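Hi,

Here is the structure I promised to pass on. Have a look at it first, and then read my notes underneath.

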Amino acid sequence: MQFNSDNWSGAHPDIVAAIAEEAARDGGAYGSSPVDLALNRRFSELFETDVQVFPVASGTAANSLALAACGRPGGIVLCHSESHVEIDECGAVGLQGDSLRLRLIDGPGGKMQAADLAATIAAFPKGHVHAGQLAALSLTQMSEAGTFYSLDELRGLAALAADAGLAVHMDGARIANALAGCDASPADMTWRSGVDILSFGATKNGCVMADAIVVFDPSLARTLPFLRMRAGHLLSKSRFIAAQFDAYLNDNLWLKMAGHANAMADRLRAGFSKSAAVRLAWPSDGNEVFAIMKTAHHQKLQELGAQFASWAPGPIVLEQDETVVRLVASFNTSEEAVDQLLALVADL
């Protein structure tokens, strides 16, 4: 009963088969193989516009290098206070972005609000050299609280950023789960909503190691080859990442896997809503479920084989013996595992 994280899950057989097929032959290095060279076309078809794609080995690399491409002297990136680039990436944005700084904006449910963004932008008048320059807005889809930005929300925030001359970056580590959970195309959720550059994650959704920077604004692609090389993410055998993406996008495998993960999380949410021992901490979407239970119950469930993590309570006031937990469903989470966990919860 593994609900620790989708990072803990294995890899889909089609992804593994694609790596094995590529491993059986030689291929050009540093992005020159046929499967590498096909990436721009595959992603351009997916997003219904011409894009440039830069495969990297991790989501942290994708985020930090994408934001570095947006950088300016004294540059500042606006992001949510719970965003991955702030909480989990060890200052990578500042390192790769030549001292880019993060300015944090709070907001309920892991999402930034338009009024708060507008107020923050107004606090940085153009030309005030002591404050620095706003460079980019970074939005996480889906958020670290397991919520989705609607298209209207994305477009409203992106419009404020564009009016202020900021590039718009999307951290799409779980963009597949967001797309599988709403009626929108990849184009609708990204460039048609004002996104200029995207961190496209696949590692959490059935791949072995596959993330990429997808550039919609060509001006942001000029420095990326050098930024990626300097960071050590121009991989000599990048064709093994490209092969994963080839299988990942084939026949909408990526959305099928994300849809399954979302469905398993829905099954968890439905079960918890009927429980006397566990209650949902806040409404969430996609494949992440946040719940409140007694700390002793968490420990007991772990002893019985259920794996999931404690989580920061955020604005929630807990009783002394309670904890917030996060459970993450994956492409390979089974109904049996969910039902087994819910049966253990029912016995608490």
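Below is what I found, going region by region. Keep in mind that this is a predicted model.

Let's start with helix 14, which runs over residues 295-303. Which of its residues are buried? They are H297, H298 and L301. Those three cover an arc of only 105° around the axis, which puts them on the same side of helix 14. That fits the usual geometry: an α-helix has 3.6 residues a turn, so residues three or four places apart point the same way. On the other side of helix 14 you'll see A296 and E303, both exposed.

What do the buried residues of helix 14 pack against? Three strands and a helix come up: strand 9 (288-294), strand 10 (309-311), strand 11 (322-328) and helix 15 (335-346). Just after helix 14, have a look at G305 too, as it takes a positive phi of about 105°.

Next, two glutamates that caught my eye.

E89 sits in the loop that links helix 5 (84-87) to helix 6 (92-96). E89 is buried, yet it has no salt bridge. How far away is the nearest side chain of opposite charge? That is K204, at 8.3 Å. Not counting residues up to four places away in sequence, E89 touches G59, T60, N63 and H84.

E144 is in another loop, the one between strand 4 (133-140) and helix 8 (151-163). Again the residue is buried and has no salt bridge, and here the nearest side chain of opposite charge is R174, 4.9 Å away. A salt bridge needs a Lys or Arg side-chain nitrogen within 4 Å of a carboxyl oxygen of Asp or Glu, so the R174 pair doesn't count as one. With residues up to four places away in sequence left out, E144 touches E82, S83, H84, D88, F290 and W311. H84 is thus on the contact list of E89 and on that of E144.

Helix 8 also holds L151. Leaving aside neighbours within four places in sequence, L151 is in contact with A184, D188, M189 and S193. If you want a distance to check in your viewer, L151 and S273 are 28 Å apart, C-alpha to C-alpha, with their positions 122 residues apart in sequence.

Last, the surface. V16, V208 and M209 make a nonpolar patch of about 240 Å². Of these, V16 belongs to helix 1 (residues 13-23) and is partly exposed, with a relative accessible area of 42%.

Cheers

Terms used:
Residues numbered from 1 in each chain as written. Predicted model: local features only at pLDDT ≥ 70, side-chain atom pairs only at ≥ 80, totals over all residues. Heavy atoms only, no water. Buried < 20%, exposed > 50% of the residue type's maximum accessible area, 1.4 Å probe, protein only. Helix = DSSP H or I, 4+ residues; strand = E, 2+ residues; numbered from the N terminus. Arc of directions from axis to C-beta. Contact = heavy atoms within 4.5 Å. Patch = residues over 30% accessible without salt bridge, like charges linked within 9 Å, V, L, I, M, F, W, Y side chains within 5 Å. Areas by Shrake-Rupley, 256 points an atom, 1.4 Å probe, with all protein chains shown as cover. Lys, Arg positive; Asp, Glu negative; His and termini not counted.
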